[in-house]
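User: I want to learn how to read a few features of a model. Can we take them one at a time?

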Amino acid sequence: MHETRFLWVAALVASMLLSACGGGGASTAVPAASPANAQPATAAPTTQSPTVALQRITPMGVLIPLYGYPLVSSGSGPTRTTSPNPAWTTVAANAALVPTIAVVNPSNGPVACTTPPSATLSAFQQGIAQLHQAGVTVLGYVHTLYGQRDPALVSQDVQTYAECYGVDGVFFDEVSNQAGLAAYYSAAAAVVRQNILPASGKSALVAINPGTYPALSIANAADITVMHESTDLNLSPVPLALSSYAPSKFAYLALGIGNLPQTQTATLTRLFQQGVGFVDLTDQGNGTDPWANLSTDYSSLIQTIQTLNQTLN
């Protein structure tokens, strides 16, 4: 695609909802408890302008922390009923429109494999199977305590997912951005790629969440790097040290955004133009776990990304 046509189309998309774009103003409330908290360490220096993908050829996708339980119940006693969690069914229903990766988190990591399976394990097995049927790539959540968690426990979690969950890879959370821990994360990624064999026949996917730009040696361990997890819609310049890292491997998560209807289209257009591969913008998280439910504006998120992706045709 020629640069001029791309810029014209991107401008057209942004102008579609121009009257709704009110600029910044994200909520600053920090969630009381979240399994995916942003990196507390100092981010790598940002000395280079952002990489702008004017001739982008890969579509933008969503990376959704789907931390709610697969089933919801209502009533009690003989009137008690159980049904699929609407967040799970909504993600599945929209997966045909936009490339979708969902991260599942049974209990701050996997619950143990048992025979017969526990109620929790069974619920996740069935829920993951339904996501797969809809074309969703599913990752299992594993926390690393910024490189301080025992590698044997990290490997055990990965092997548990490999043994009885049928996931497509792993999402490592609480990831350090410091180069000194590159060997730790390279080893963890190797365990994923050696043990998880997706039914699709593709290679296992490794995503990491430092919540900021990490050292290149950390990013190189992964297929996807979350370089922003915050309660704002800022986009810091890409550090010079990461200039060789493909922008399509970056993911951007924003939570607790109170004015999302007014800012979502402009934000997504900017991220699309700069080549960011995966996003999730949500209004959830003001005093609660932001990833327990989907954004109330999830359908608009999907529709806007779909419109942007159509400019690549």
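Analyst: Start with residue classes: Ala, Val, Leu, Ile, Met, Phe, Trp, Tyr, Cys and Pro count as nonpolar, Asp, Glu, Lys and Arg as charged, and the others, Gly among them, as polar. This is a predicted model, where local features need pLDDT of at least 70, side-chain atom pairs count only at pLDDT 80 or more, and totals for chains, interfaces and linings use all residues. Residues are numbered from 1 along each chain as its sequence is written, and side-chain values use heavy atoms, with hydrogens and water left out.

User: What lines the second largest cavity, and what is its make-up by class?

Analyst: Rolling a probe the size of a water molecule over the atoms shows where empty space is left. On a 1 Å grid over the protein atoms alone, a cavity is a set of points where a 1.4 Å probe fits but cannot get out; a pocket is an open set with protein on both sides within 12 Å along at least five of seven lines; lining residues have an atom within 4 Å of a point. Grid points are joined across faces, edges and corners, and a volume is the space filled by probe spheres set on the points. Here there are two cavities of 30 Å³ or more. The second largest holds about 30 Å³. Its lining includes Ile-64, Pro-65, Asp-280 and Trp-291. By class, that lining has five nonpolar, three polar and one charged residues.

User: Which residues lie nearest the centre of the largest pocket?

Analyst: Ile-101, Thr-137, Lys-202, Leu-205 and Phe-278, out of 23 lining residues. The volume of this pocket is about 530 Å³. Its lining splits into nine nonpolar, ten polar and four charged residues.

User: How do the axes of H2 and H3 cross?

Analyst: Helices (H or I, at least four residues) and strands (E, at least two) are DSSP runs, numbered from the N terminus. Axes are lines fitted to C-alpha atoms, for helices over the stretch in contact, and angles run from 0 to 180 degrees between N-to-C directions. H2 (residues 86–94) and H3 (residues 119–133) have axes that come within 9 Å and cross at roughly 20 degrees. So H2 is roughly parallel to H3 (angles under 35 degrees). In contact (heavy atoms within 4.5 Å), Trp-88, Val-91 and Ala-92 of H2 meet Phe-124, Gly-127, Ile-128 and Leu-131 of H3. The classes here are six nonpolar, one polar and no charged residues.

User: Where are the backbone exceptions, Pro-116, Tyr-146 and Glu-174?

Analyst: Most residues other than glycine have a negative phi, and most peptide bonds are trans. Thr-115 and Pro-116 share a cis peptide bond, with omega about 0 degrees. Pro-116 sits in the loop between strand S4 (100–104) and H3. Tyr-146 has a positive phi of about 55 degrees, in the loop between S5 and helix H4 (151–164). Glu-174 has a positive phi of about 50 degrees, in the loop between strand S6 (169–173) and helix H5 (182–195).

How values were computed
Parallel < 35°, antiparallel > 145°, perpendicular 65-115°, else oblique.
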